[in-house]
Amino acid sequence: MDHLEILSYVWRNHKRFQKQVRTYQHDDLFGDMGFSLSDKDKDEPHYISRSYASKILNGKAKPGRVQSALEDPKTRERIQNSFDLPDLFACNSTSGIDTLIDSKMLRDEAGTDPGLLLNKRNSLFKSSHKQNYEMHSLGSASEHEPVLSGGERGAWRRLARLTIRSDVGVVHWDAEPWSGASYIAHLLREHDEILKTFSKICTIRPSDLGMPFDAQLKRLAAELGVRGDRASTPKALVDAIRRERILLVVSDVCFIPFQKESYEKELLIYQVLKCAVDMHSKEACASVITVGRSSAVTALVAPYNRSYQLDKVLKSQTGFEFYRELFEHYKAHRDETRAEEGGSRLKRGRWHYEAVKRSDERSVWPGMIRLRAYFASNFGNYAYFDPTMGFDALCGRDAPLPKSIELFHDDLVAYIIRAAAGKQSPELRALRFCSTAKHWLTEPALDSLRQFFAPKGTDGYKVSELTREAFENKVKDRLCPITDQVQDPTHPQDDENAKKIFTLSLGIRSIVQDEWRRVDPFERAVAHWRVARNLWKNQDSKELLAQEFPYLPHWGRSRIFLLGECIRHLVCCVDGVSGVSDLTVRGSDDVFPEPPDPSLLGCDPSEVINFCYSRIFQREINGNKAFGNVADLPQQGRSLAKRHGAFEYAAELLQLMGENRILGKPHPNLNPKYRVSYLRECAFALLDLGELERANKLFKSLEKEHAKDSKPALEEKLNRTLVLTELNDLKIAKKTIRSVERTVQKHLNKPTMEGVSALQKRVHTRNLRIMCLEGKFAEAIELSSEILESERDPRRWDPDLIHNRIRALANIEKTSSQAMSETMAAVFRASADGFQHEALGYRVLLARLFRQRGELSVAEQLLDDIQRDVLLYGCSERTYLDMLYEAGRTLCAMNKHIRAYASYLRPLLVRSKSRGFNRFVELATRHSKVVVELVRTTHERMTEEEWNEIIQLIKDEEEQHVTKEKLGREGVLEVDPLFGYYISGSQDVIERLRTVDGINEEIDFILGDGGGKVVKP
């Protein structure tokens, strides 16, 4: 950059620094250069008119006398001293100037107003694009993804055709930033006609808002050996591009301005595009593709542009099948082997796109589906559809970004930068407010967020008001991605009194949250604090749940969601706070956190984290009313999981409260006395979700948190045996139990440990489980009877004890009737006390008892009812696998072998093997092999026509069964299934069993990898 370009860049892009901080005006600057400004033109060489001075500083003129003045070192030194930037003219790039000025402002402001530390109001979000310039030789290796939607393939073919057979030298795709058009342009390097026509593709993005694409075009010119001044370079560059058979792809052309004056025409990029249009001959291909919304480029190519159909082709109907295919592809990209077919990550995608399909107003771009599928494939994140996590966290760091995701991100960042550049940035603020919502933004929430905010007792940073009119004007703009709709589908859309909601795609919301966190953490904290405060105040409002979320009350309870979402938003209030882990821990965690503090750029993290964990999660949601009031915290009840069965939600909330939102990593500001409690909650959450490896490691680490052989250490060992039995490692489980038992016996003989008798009961319960697994049913009945005699209150009975006792009773003929009566009592007892998930487990046992008694129709109906609840409310992985196993066994007993295998035994094998439930793997493998071999024998005895009729009847029966699944209310706003499982893939498996080859493939599958590797303890 020459000296005048440096000054021009500072003047155009750092006005706040130049005016408000340094109060350095036109007269001052030109005075330092030896010139005087006049209102009119004068002939004297030391006079410059004010209008001409403005042109000079805006980069529209470069007079020799000014450049000569800047050659004098003393002149430059005077200007640097006036700016108080000694190294200004040493900068050789715009990024260097940005860094220099930003650092100066941070130093200046740190001692005056902490709320202005980041120059938040006027800063633009600076994204670190991976590449602003890429030259790719066609025919060489290229990163691409094999999974494309029909619309993407159609747009790809059409864009290639327009390029090859263009009427103009520039093909302009006036694409929405969220369409994914840049990825389609990227894929041209794989198109046969493009490969034949061009030798290279050069893709550029701007790195400078003042002179967009200048740096990239100059680099291209240098590579092609183009030399010359600004006037001759465009034509020479276009000649070189055509001569070298280079296809130039220009993304983010939204940065090319369209103004009444001729500024855009002086830009190098505009001149290059104009030359490409003017120099084009009908026989030649287009040499440039531009992607993005730009009135300037549209006007330039308007007479010839034929790309208007590209958006329509790209946006052709796509939905859940594309999402599922992408999900599996991105799983492989991450080297993730766990099977999720039938799980909530797919079910929630299915719910979303089924709702879109049924809506006349909602549509979706393939790029949006890609983002949602990529977020869901991050198995390390349990809040995978939570925009407040931000784009980076939703993607995860376990694998490099796929090219489609990277380009989609860069397109959206460019749009956000443009939105931030407007006066008062109303569009950016509207996007930010919508990004706070997990699903949609309601009118009452909007009215709260847009209000003026000033912290009490401080003159710190304030949040200005955004008028309702300004917000709605942006929403009405057809170029704005925010949509509004009537919340109640029964209301007419034109009803002025109907309540509206405002929606924004998940991908845009996540990127906006990242931008907001970096640029204006205080304003973001204020917004999320306001949302959390409203949820806390209205935690008992059943009406609020339906207004704010597409959720049904979980087993009739809405409060757990309102409180859980309160945690989500409160945690966002401390994202911008750093270096305050030594804040004083308050004695009480009962008080809702104070508003964000400008000096912290957020709320006090000690207040927030301990209030969220102790008050909301433990006392309000889990019902542990005494939590935090005693020094030695006992193991707590887990109502969110055991009462409600909301296992995934429990894991999600625990993750949100962890350091950097990592499950199992306590937040630095968590009260030390809650540390063990938090880790234990995480370990059980992982066990309930079937994450056996991680649960095993966490339980092991918990043992080290306590003194050796102390009561808490012994309890953690017993907890770990739950994981070991699921891994089917009975040898280690028994060894661990015996070790605890010996220590407990010592304390029983010499009472030195408080609560040792309760610990002994837990030892007996774990032994009872081992006895059942080893088939020692008589011993198990005897032991369980002894335990129950010592505790007559059924409400204090351990559910694991009752489960294993019933299993033992059921396996001895003379006690089978007692098993039935005790199971019925357990079901009613758990249901009456509100422990619906415990009741669900007892109902599975009840179905088993009916099957063993030969009452198969009763067992089938009971399992159908269980399955509906599981699909709607979810359950632990162990309960789900138990249900699959029992349903498969019941259908086998009814001679419905194909449905038994396709719908239940095969999913059981796949899920259990990929998660390490080795006990279920053995059961599923054994029964699946028997069933499919029986199917093969039956197939051999029949004619092809007879067998086809049977397969079709079974498919019809399965289809009828699948349609029983609830997807939610009809209408635009469906009920998010959140935690439920879903019936998946059975039709395909049934169809595969139509042929002998398909049957043999299934036998090989059962005896082979079975969908994944067995996890070892």
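This is a short tour of selected spots in the structure, with something to pick in the viewer at each one. Keep in mind that the model is predicted.

**Stop one: strand β5**

Select residues 200–204, which make up strand β5. Of its 5 residues, 4 are buried, so the strand is largely enclosed by the rest of the structure. Now add its neighbours. Strand β3, residues 133–137, pairs with β5 in the antiparallel sense over 5 bridges. To check the register, pick Tyr133, which stands opposite Ile204 in β5. Then bring in strand β6, residues 246–251, which runs parallel to β5 and is joined to it by 5 bridges. Lys200 is a handy marker here, and its bridge partner in β6 is Ile246.

**Stop two: the β8-β10-β9 sheet**

Next, select β8 (441–442), β9 (483–486) and β10 (500–503). These 3 strands form an open sheet with antiparallel pairing, in the order β8-β10-β9. Which strands are at the edges? They are β8 and β9, each of which pairs on one side only. Zoom in on β9 and β10, which run antiparallel and are joined by 4 bridges. Here Gln485 has Ile501 in β10 as its bridge partner.

**Stop three: helix α23**

Keep the sheet on screen and add helix α23, residues 468–476. Show side chains for Arg468, Phe471 and Val475, the buried residues of this helix. They cover an arc of only 70° around the axis, which puts them on the same side of α23. The spacing fits the usual rule: an α-helix has 3.6 residues a turn, so residues three or four places apart point the same way. Flip to the other side of α23 and you'll find Glu469 and Lys476, both exposed.

What do the buried residues of α23 pack against? Strands β8, β9 and β10 from the previous stop are among the partners. Helices α21 (426–435) and α22 (443–449) are on the list as well, so colour those too.

**Stop four: Ile508**

Now move to helix α24, residues 506–519, and pick Ile508. Is this residue buried or exposed? Its relative accessibility is 1%, so Ile508 counts as buried. Leaving out residues up to four places away in sequence, Ile508 touches Trp178, Met368, Leu412 and Pro481. For a distance label, try the C-alpha atoms of Ile508 and Phe391: they are 8.7 Å apart, although the two residues are separated by 117 positions along the chain.

**Stop five: Asp604**

Jump to the loop between α27 (559–572) and α28 (605–621), where Asp604 sits. Asp604 has 19% relative accessibility; because the cut-off for buried is under 20%, it counts as buried. Draw a distance from its side chain to the backbone of Ser606: a polar atom of the Asp604 side chain lies 2.8 Å from the Ser606 backbone nitrogen.

**Last stop: the cysteines**

Finish by displaying the cysteine sulfurs. How many disulfides does the structure hold? The count is 0. Pick Cys612 to see one case: its closest cysteine sulfur is in Cys566, 6.5 Å away, which is too far for a bond. Cys612 is buried, with a relative accessible area of 0%. Cys275 is buried too, at 16% relative accessible area.

How values were computed
Residues numbered from 1 in each chain as written. Predicted model: local features only at pLDDT ≥ 70, side-chain atom pairs only at ≥ 80, totals over all residues. Heavy atoms only, no water. Helix = DSSP H or I, 4+ residues; strand = E, 2+ residues; numbered from the N terminus. Buried < 20%, exposed > 50% of the residue type's maximum accessible area, 1.4 Å probe, protein only. Polar contact = N/O pair within 3.5 Å; in protein donor to acceptor, adjacent residues only side chain to side chain. Arc of directions from axis to C-beta. Contact = heavy atoms within 4.5 Å. Pairing = 2+ DSSP bridges. Disulfide = S-S within 2.5 Å.
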